[in-house]
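User: Please take a close look at the ligand site in this structure. I would like one connected account of the site and its surroundings.

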Amino acid sequence: MKAKKYFAAAAGAALAISLAACSGEGAGSEEESTTGATTGTESTESSAPSEGGLVGVAMPTQTSERWIADGDAVKAGLEEAGYEVDLQFANDDIPTQGQQVDQMITNGAEALIIAAIDGTALASQLDAAAAAGIPVISYDRLIRDSENVDFYVTFDNYQVGVQQATSLLVGLGVLDKDGNETGETGPFNVELFAGSPDDNNATFFWNGAIDTLQPYLDAGTLVVPSGQTDFEQAAILRWQQETAQKRMEDLLTGTYVGTDMTVDGVLSPYDGLSRGIITALQNNGYEGTVTDGFPAVSGQDAEIASVKLIADDVQFATIFKDTRKLAAQAITATEAYLEGTEPEANNTTDYDNGVKVVPSFLLESDIVYADNIESLLVDSGYWTAEEVASGVAE
Ligand code: GAL
């Protein structure tokens with residue numbers, strides 16, 4: 001048994017309270033977001049009682065709101081449950097994240113929750129964790145090529161890709177919002193973007209999306225004029241907005257400019273990329289709203305700047321993955337290990353990390369369109385109406 005410490009039953013009640021508290025928090029709660037942004041590190045001293053021991057939480061970056069929200073929610077929930085938390089962000093720098101995890105182990109962490117930058121780059125840290133009997137929970141992104149990953153909490157990433165492609169098809173008018181074909185056959189010009197090739201999720205999103213689009217590509221309803229239909233061609237290293245903007249500009253220059261073709265839609269797997277793509281389109285003369293003919297661009301993460309763009313009918317859709325639920329699941333798994341039991345998995349087949357199938361807990365996601373921003377994001381307290389209106393997290 002890996003767990004080294006057991007904590008009082010009262011912590012279970014505290015956890016329940018903390019999760020209720022978490023669920024009222026907005027995704028953009030950024031009380032710590034600025035402190036580590038320039039240095040790439042953030043040490044968090046807890047004032048809460050720490051009967052449960054120290055838990056290390058390694059997040060990839062603060063350049064995206066979602067990871068700030070994830071970090072805040074995990075930290076708050078663990079502290080409520082009686083743990084001390086060492087929360088670190090690594091500015092998307094692989095060696096920094098490795099050092100941070102090393103330091104957590106040195107500092108006596110009793111469990112690790114890690115959202116990896118590069119899913120294959122933490123092998124030596126995980127070996128050290130295993131040698132010290134520290135359970136490792138892979139958070140949102142699967143850590144690959146290591147035996148020493150105990151559990152994985154994430155969303156159904158293949159289904160996220162299906163939803164991204166579905167939203168694109170809705171934006172083009174090929175499907176209605178119930179997923180039924182409208183009879184519209186195009187042909188529509190689309191371009192395809194994928195996430196970071198070192199992030200295991202990127203392939204899942206891509207596979208879900210391409211499986212959904214393939215029948216329409218085969219039928220000629222969708223056409224990819226650039227011909228760039230391979231994952232390697234579409235991938236954007238580290239999910240960088242600027243890289244996506246540059247690739248979209250290159251696609252426009254290389255394929256569309258000087259012809260009578262226009263882009264009708266873009267498959268984008270993440271809101272940061274979507275905003276880069278939209279900027280490139282706007283810089284090339286595409287204007288107005290989707291209703292007026294601006295290309296339909298998909299997304300992911302319900303980042304506040306993109307939610308506003310969706311409300312304004314400029315970005316067509318995003319995928320909402322409630323980070324509060326993911327954080328709660330990570331805390332539940334941590335609690336199980338430190339109580340000396342195994343967390344409950346709901347998937348034991350899909351997430352092979354190259355060495356073993358990692359038991360996983362998958363959560364469900366939702367497609368956000370302009371007309372359900374309120375019901376999905378505002379009513380649930382994820383964003384306030386004011387944040388949606390301003391496009392800025394408060
Ligand atoms: C993925 C994650 C997405 C998005 C992306 C860029 O691993 O599942 O939700 O956040 O990284 O940060």
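Analyst: This is a predicted model. Start with the contacts. A polar atom in the side chain of Asp-301 lies 2.6 Å from an oxygen atom of the ligand. Arg-141 also places a polar side-chain atom by a ligand oxygen, at 2.7 Å. For Trp-67, the distance from an N or O atom of the side chain to an oxygen atom of the ligand is 3.1 Å. On its own, the ligand has 300 Å² of accessible area, and the protein covers 98% of that.

Next, the shell. The residues around the ligand are Arg-66, Trp-67, Asp-140, Arg-141, Asp-199, Asn-201, Phe-205, Trp-239, Gln-300, Asp-301 and Lys-321. By class, six of the shell residues are charged, three are nonpolar and two are polar. The charged group includes Arg-66, Asp-140 and Lys-321. Phe-205 and Trp-239 are among the nonpolar ones. Asn-201 and Gln-300 are the polar pair.

Where does the ligand sit? It occupies the largest pocket. Two elements each give two or more residues to the shell around the ligand: helix H2, residues 65-80, and helix H6, residues 200-219.

Now the pocket itself. Its volume is about 350 Å³. The largest pocket has 28 lining residues. Nearest its centre are Ser-64, Trp-67, Arg-238, Trp-239 and Tyr-270. Two of these names, Trp-67 and Trp-239, also belong to the shell around the ligand. Four elements give two or more residues to the lining: H2, H6, helix H8 (241-256) and helix H9 (271-283). H2 supplies the largest share of the lining, with three residues. Both H2 and H6 thus appear in the lining list and in the shell list. By class, the lining has 13 charged, nine polar and six nonpolar residues.

Two backbone details complete the picture. The peptide bond from Gly-186 to Pro-187 is cis, with omega near 0°. Pro-187 belongs to the loop between helix H5 (157-172) and strand S6 (188-192). Asn-91 is not a glycine, yet its phi is positive, at about 50°. Asn-91 is found in the loop that runs between strand S2 (84-89) and helix H3 (94-106).

Conventions:
Residues numbered from 1 in each chain as written. Predicted model: local features only at pLDDT ≥ 70, side-chain atom pairs only at ≥ 80, totals over all residues. Heavy atoms only, no water. Near = heavy atom within 4 Å. Polar contact = N/O pair within 3.5 Å; in protein donor to acceptor, adjacent residues only side chain to side chain. Areas by Shrake-Rupley, 256 points an atom, 1.4 Å probe, with all protein chains shown as cover. 1 Å grid on protein atoms, 1.4 Å probe; cavity = no way out; pocket = protein on both sides within 12 Å on 5 of 7 lines; lining within 4 Å. Sits in = over half its atoms within 2 Å of the grid points. Points joined across faces, edges and corners; volume = space filled by probe spheres on them.
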